[in-house]
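Visitor: Please give me a close look at one part of this model: the charged side chains and the places where they sit. Take it slowly, and stay with what can be checked in the viewer.

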Amino acid sequence: MDYQIYFVPTPIGNLEDMTIRAINVLKEVDVIACEDTRESKKLLNFYDIDKPLTSYHKFNEVSKSEEIIAEINKGMTYAVITDQGMPGISDPGHILIKKCIEENITYTVLPGASAIVTALVGSGFDNDKFSYYGFIPKKSADKKAFYKLLVNEEKTSIILDTPHNFEKTLNDFKELFPERKLCIARELTKKFEEYQSHIIRDLSIEDVTLKGEYVLILEGALKEEKQITDYRESILEKIDEGMRTKDIVKSIKKESGLSKNEIYEYVLELSK
């Protein structure tokens, strides 16, 4: 094989979403490291893949990464899969990749299913720039810091949540940014796949099916449109300092994004 470790994404719901390359890799490696061997067997049986499995999850990720590296140095090849989606994104894998880099172990990451990207595209929200925040923290202090980031985040945010926690999340969102849009992407690629988009203040918990896997897509913070009058004090200070009109215009233009003509006329008015 070309690499010593393969990080292989698995379907996020529909078992038919495996790539041909991913299937072939799983058939060819010596061992498959799984987040949950019982869950992974459903996928592997579906594709008639019979390989030795080893448990590799968040509770043993550090020690297991060391074991896998040791086995690879003996000539074994490994594939790493999680229950669903891309290894290393809110799932085990990241620590092992760092170890591979440190130990000069050859590895590759196969492209494939990702709930994050699927939900973002399906939401219809702006995706030129976006931020991924993972799961909402459980501890109060961590959650407070997490929400502070969301309040100020101007890009579309991708957040993971669970059905039993979503009612609390919705109540928090209504307090923090009721005017923003939220898309709830649920049961992606499965029979009951659903995208629900609402302005947060209008969303009732009764409108949401509290079952399945959730990805939340949150609209970025709404930018306030600046008016030329918002810069009155700044312009007056610059005039008092003796700054030339064209330099004031240039400075305010850079700060505000307003048109030069509008700024120029307002500076002249304040200079009278």
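Guide: Counting each side-chain nitrogen of Lys or Arg within 4 Å of a carboxyl oxygen of Asp or Glu, the total comes to 11 salt bridges. The model is a predicted one, and the distances below are computed from its atoms. Three of these pairs are described here, followed by a patch of charge.

Start with Glu-67 and Lys-64, whose side chains meet in a salt bridge at 3.4 Å, N to O. Both residues belong to helix H3, which covers residues 61-72. They are three residues apart, about one turn of the helix. How exposed or buried is each partner? Glu-67 has a relative accessibility of 43% and counts as partly exposed. Lys-64 has 14%, so it counts as buried, because the cut-off for buried is under 20%.

The next pair is Glu-194 with Arg-186, joined by a salt bridge of 3.1 Å, N to O. Arg-186 is buried, at 8% relative accessibility, while Glu-194 is partly exposed at 25%. Strand S8 runs over residues 181-186 and strand S9 over residues 194-199, with a loop between them.

That loop deserves a stop of its own. Glu-187 is found in it and has a positive phi of about 55°, although the residue is not a glycine. With a relative accessibility of 14%, Glu-187 counts as buried. Thr-189 lies in the loop between S8 and S9 too. Its phi is also positive, about 70°, and Thr-189 is likewise not a glycine. Thr-189 is partly exposed, with a relative accessible area of 21%; the cut-off for buried is under 20%, so Thr-189 falls outside that class.

For orientation, an unreviewed UniProt entry lists residues 5-195 as "domain: Tetrapyrrole methylase". In the model, the end C-alpha atoms of that span lie 36 Å apart. The span is 39% helix and 19% strand.

The third pair is Asp-247 and Arg-244, whose side chains form a salt bridge at 3.1 Å, N to O. Asp-247 is partly exposed, with a relative accessibility of 28%.

Now to the patch. Which residues form the positive surface patch? They are Lys-246, Lys-250, Lys-253, Lys-254 and Lys-260. Helix H9, residues 245-256, supplies the largest share of the patch, four residues. Lys-246 is one of the residues in helix H9. Its relative accessible area is 55%, which makes Lys-246 exposed, because exposed means over 50%. Patch members must have over 30% relative accessible area and no salt bridge, so at 55% Lys-246 meets the area condition.

One uncharged residue can serve as a point of reference. Thr-54 lies in strand S3, residues 53-55, and is buried, with a relative accessible area of 14%. Thr-54 and Phe-173 are 119 residues apart in sequence and 40 Å apart in space, taken from C-alpha to C-alpha.

To recap the charged groups: one salt bridge pairs Glu-67 with Lys-64 in helix H3, another joins Glu-194 to Arg-186, and a further one links Asp-247 with Arg-244. The positive patch takes its largest share from helix H9.

Methods: Residues numbered from 1 in each chain as written. Predicted model: local features only at pLDDT ≥ 70, side-chain atom pairs only at ≥ 80, totals over all residues. Heavy atoms only, no water. Patch = residues over 30% accessible without salt bridge, like charges linked within 9 Å, V, L, I, M, F, W, Y side chains within 5 Å. Areas by Shrake-Rupley, 256 points an atom, 1.4 Å probe, with all protein chains shown as cover. Lys, Arg positive; Asp, Glu negative; His and termini not counted. Charge placed at Lys NZ, Arg CZ, Asp CG, Glu CD. Helix = DSSP H or I, 4+ residues; strand = E, 2+ residues; numbered from the N terminus. Buried < 20%, exposed > 50% of the residue type's maximum accessible area, 1.4 Å probe, protein only. UniProt positions renumbered as here; feature names shortened; annotations may be inferred.
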